[in-house]
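The exercises below concern metal coordination and charged side-chain pairs. Please work through each task with the model open before reading its solution.

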Amino acid sequence: MTAARSILHADLDAFFASVEQRDDPSLRGRPVAVGPGVVMAASYEARQRGVRSGMGVAGARRRCPGLVVVPSRFGAYLEASRRVFAVLDAIAPDVEPLSVDEAFLDVTGLERICGTPEAIAHRLRAAVREQVGLPISVGGGSTTQIAKLASGAAKPDGVRVVAPGTELAFLHPLPVERIWGCGPATAAKLRASGIATVAQIATIPEPALARIVGKAAARSLAAIAWNQEGRPLRPGRGRRSFGTQSAVRIAAGATERLDAQAIALTERVTRRMRSAGREGRTVVLRLRFEDYTRLSRAVTLPRPTAATAAVLAAFRGLLAAARDLTERRDLTLVGIAVTNLVAATPRQLELPFDEGAGAALDAVVDAVRDRFGAGALRRATLLGGEPGLSAWSLADADNDEIGNARDLRAAGARRGQVTGGLGDRAP
Ligand SMILES: [Mg+2]
């Protein structure tokens, strides 16, 4: 292994539900689920009674009578996330966000100035509690894998730092499902072969492991089981959302026009995500009406994606849910953001075939556009008969709400430019 490193993993506890309990004291100590429809987050009181994210609200209520279901307020969560990351950025020079509510911090070499990793972890928690009012758990260790698992062990509202030299004693008793990057399909294959713990992964010869889970997964799992996974942090991947919007007037009830806009915005945003190697789980719709009222709605997908079809389906669902408004009022702005980002890494051990096929198509479309320009390929829906299209200007709205300071500076430098792409068609 290379020189010992100190990594912290900070993870907000029951993030969305904690924001609701912070902002409404009557919810504190009670089982709270953020909905509506599907549970997007559950407070620890609700989790203790079997409520899990992804459950239908009706089923959650059956399990947990007295469950308080509140509508999601994505704006409040993004604002809280931004403030938490401001705290993290002030604590360590290298912060790698994993999503809106968790991040790695590299605190290697900070000991003399800032104290032990454990002392830094306690200070981080106190600062987030004081400045943002939210509980956050912190794990620490010599690799990202150990730090991530340790924060899980620290939850809720705690600290767990795995001391150098004790990593294997911490790792080996854990069930295979706990390994970060070991998805359900890989875990099922391991279980079916009688491998239930990390210790068993560590002792089985790698060729035998490869026959069970495949070569790449075997190499990665073996490295994890011996704590030899020394990937560096990627602080440069500091972006926490991808967004774009279009300030274009769309008359009330012009459903086809609105859908054409949805397609164009989605293609633009997913293409940028793919070229940055990122995937996201939460799709956000933003609308502004002619009377300057605004609407923001979000949906969280079962798994992260950068596939145009999956993001477009979610975006269309949000638009359909807002139809009572878009049919009665003229729109002056439509925007999309994809957040809850993760790196699109080989950690995604399972890809269903249909999603793979969509990704292949997206890759071909991206390649053609990279080579010949954004106008080289267009969806048939975007061609002809739409006089408004040539006047489109897609103002870049990267991260203006939830990026960190670095991103905000970059976005500021870009702002004001009217980007080409879909707006460059001759009238
Ligand atoms: Mg969390």
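**Exercise 1. Identify the protein donors of the magnesium ion and place them in the chain.**

Solution. The magnesium ion has as its protein donors Asp 11 (OD), Leu 12 (O) and Asp 101 (OD), which lie 2.2 to 2.5 Å from the ion; donors are N, O and S atoms within 2.8 Å of the metal (3.2 Å for Na, K and Ca), and since water is not among the atoms, sites may look incomplete. Along the sequence, the spacing of these donor residues reads D-L-x88-D. Asp 11 belongs to strand 1 whereas Asp 101 sits in the loop between strand 5 (94–99) and strand 6, so the pair ties together parts that are 90 residues apart in sequence. Helices (H or I, at least four residues) and strands (E, at least two) are DSSP runs, numbered from the N terminus. Both Asp 11 and Asp 101 are buried, where buried means under 20% relative accessible area, exposed over 50%, and partly exposed in between (1.4 Å probe, protein chains only).

Before continuing, note that this is a predicted model, in which local features need pLDDT of at least 70 and side-chain atom pairs count only at pLDDT 80 or more, while totals for chains, interfaces and linings use all residues. Residues are numbered from 1 along each chain as its sequence is written, and side-chain values use heavy atoms, with hydrogens and water left out.

**Exercise 2. Describe the salt bridge of Asp 13, including its partner and the N to O distance.**

Solution. A salt bridge is a side-chain nitrogen of Lys or Arg within 4 Å of a carboxyl oxygen of Asp or Glu. Asp 13 pairs in this way with Lys 155, and their closest N and O atoms are 2.4 Å apart. Because Asp 13 lies in the loop between strand 1 (7–12) and helix 1 (15–23), and Lys 155 in the loop between helix 7 (144–154) and strand 8 (159–161), the pair ties together parts that are 142 residues apart in sequence. Asp 13 is buried at a relative accessible area of 2%, whereas Lys 155, at 23%, is partly exposed.

**Exercise 3. Find the salt-bridge partner of Lys 148 and state whether the two residues are buried or exposed.**

Solution. The partner is Glu 102, with 2.7 Å between the closest N and O atoms of the pair. This bridge links distant parts of the chain, since Lys 148 is in helix 7 and Glu 102 in strand 6 (residues 102–106), 46 residues apart. Lys 148 and Glu 102 are both buried.
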